[in-house]
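I opened my notebook today to look at how strands and helices are arranged in one protein. Come along and follow the entries with me.

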Amino acid sequence: MIHSGSEADLIFLSHILRSGGLVAVPTETVYGLAAHALDASACEAIFRAKGRPTHDPLIVHVADIAGATALAHLNEVALRLAHRFWPGPLTFILPKKPIVPSIVTSGRDTVAIRVPAHPLLRALLARCKLPLAAPSANPFGYISPTTAAHVQANLGERIAHILDGGPCAIGLESTIVDVRDPKDAVILRPGGIPQADLAAALGRPVRIHQRMATPSPAEPKGELAPGMLDRHYSPRTPLVLRERAFSLEELLTPSPKVARVCFSQPPPGAAADVLHLTSEGSTEEAARRLFALLRWLDGGAFARIEMEPAPPTGLGPAINDRLRRAACQSQQMPRPTPG
Ligand code: TXA
Ligand code: MG
């Protein structure tokens, strides 16, 4: 059932969460599938509903820095970034306190924590007074949901409650940063907070984990790598991430059954079927539209999706990261082209 977020809804959904149930919740990044983070069996139900392997740990959502401090040790770098970016799309990997059940962290001694900005989720956190473990509310490996309807379409038969907070303002997941070494903050997943903004806040460069910068399917998964699965965010339709923009010549020729997606508006004269991610030419708008567009393109009308890369500024690296992983799935598991 989809709940609109009235006061009565929030009271009801708090009760569901307190008694170990699951609720899909809006965040500013993507919709999450939430459960009481300190209730191990409630968290197990998240893994079951998503079909997610239990070695892939969950992010815990809390109301504020005090909520984070109850679960983990925040050093001075974490606190500096938290004051600057929370509430917002930034997740820290932190040494966990014993109170966090091992199912949440897949047995690790670290926990991923963030303070979300969506007003409806913040109202629910204030009402239920619980830390909420919530991965993205999609079946494992599929495209993340950015509307309540996306959650309903994929998980509607497995979960009873969806809180509808409208379309997500950012549209792709939080940036995950490992801040355990105060001298060396490392981005494990590019996301809603650009690398340059983190570097500016700290007054020094922040590096992207080597595994992220040069992903190679052959490389064994290291200890730090759970958020770096190659295959992810994948439509069923094969997707190709191009190395460069389409040439005008390519765009002049119609190509039936192949969805071609430019980053910004195609030049005049381009074939009528050419799509684009952003009319404004902004990486923010492109991020906001990305997952809904991929879902639409995956509706069965196309045999292949070809996407231009986003520019390397703003949210561009996060967009390209998601597209690279979406393409990885298609390349590793080719499917017969629908007729
Ligand atoms: O924006 C977001 O982060 C969304 C919304 C719902 O908050 N959540 C989200 O969760 O993207 P999920 O589960 O789809 O992705 C979380 C990633 C996973 O890839 C997981 O492997 C990684 O975070 N992760 C969680 N705990 C970790 C830990 N202790 N160490 C390293 N990676 C961790
Ligand atoms: Mg996810």
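Here are my notes, first on a sheet and then on a pair of helices.

**Entry 1: the sheet.** I kept in mind that this is a predicted model. I looked up one sheet and found that it is open and built from 4 strands, in the order E12-E15-E13-E14. The pairing in this sheet is parallel. As a reminder to myself, strands of a sheet pair through backbone hydrogen bonds, either parallel or antiparallel.

**Entry 2: its edges.** Which strands sit at the edges? I noted E12 (239-241) and E14 (275-278), each of which pairs on one side only. I also looked up the twist: neighbouring strands here are turned by 25° against each other on average, direction ignored.

**Entry 3: one strand pair.** I picked E12 and E15 (residues 304-307), which pair in the parallel sense over 3 bridges. In this pair I found Leu 241 opposite Met 307 of E15.

**Entry 4: a helix across the sheet.** Next I checked helix H11 (residues 283-297), which lies across E12, E13 (258-264), E14 and E15. H11 runs at about 140° to E14.

**Entry 5: two helices.** At what angle do H4 and H8 pack? I read about 115° for H4 (residues 76-85) and H8 (residues 195-202), with their axes 10 Å apart. Their crossing is right-handed.

**Entry 6: who touches whom.** From H4, the contact uses Val 77, Arg 80, Leu 81, Arg 84 and Phe 85. H8 brings Asp 197, Leu 198, Ala 201 and Leu 202. I sorted these contact residues into 6 nonpolar, 3 charged and no polar.

Conventions
Residues numbered from 1 in each chain as written. Chains lettered and ligands numbered in written order. Predicted model: local features only at pLDDT ≥ 70, side-chain atom pairs only at ≥ 80, totals over all residues. Heavy atoms only, no water. Pairing = 2+ DSSP bridges. Axes fitted to C-alpha atoms, helices over the stretch in contact; angles between N-to-C directions. Contact = heavy atoms within 4.5 Å. Left-handed = near helix turned anticlockwise from the far one by under 90°. Nonpolar A, V, L, I, M, F, W, Y, C, P; charged D, E, K, R; others polar.
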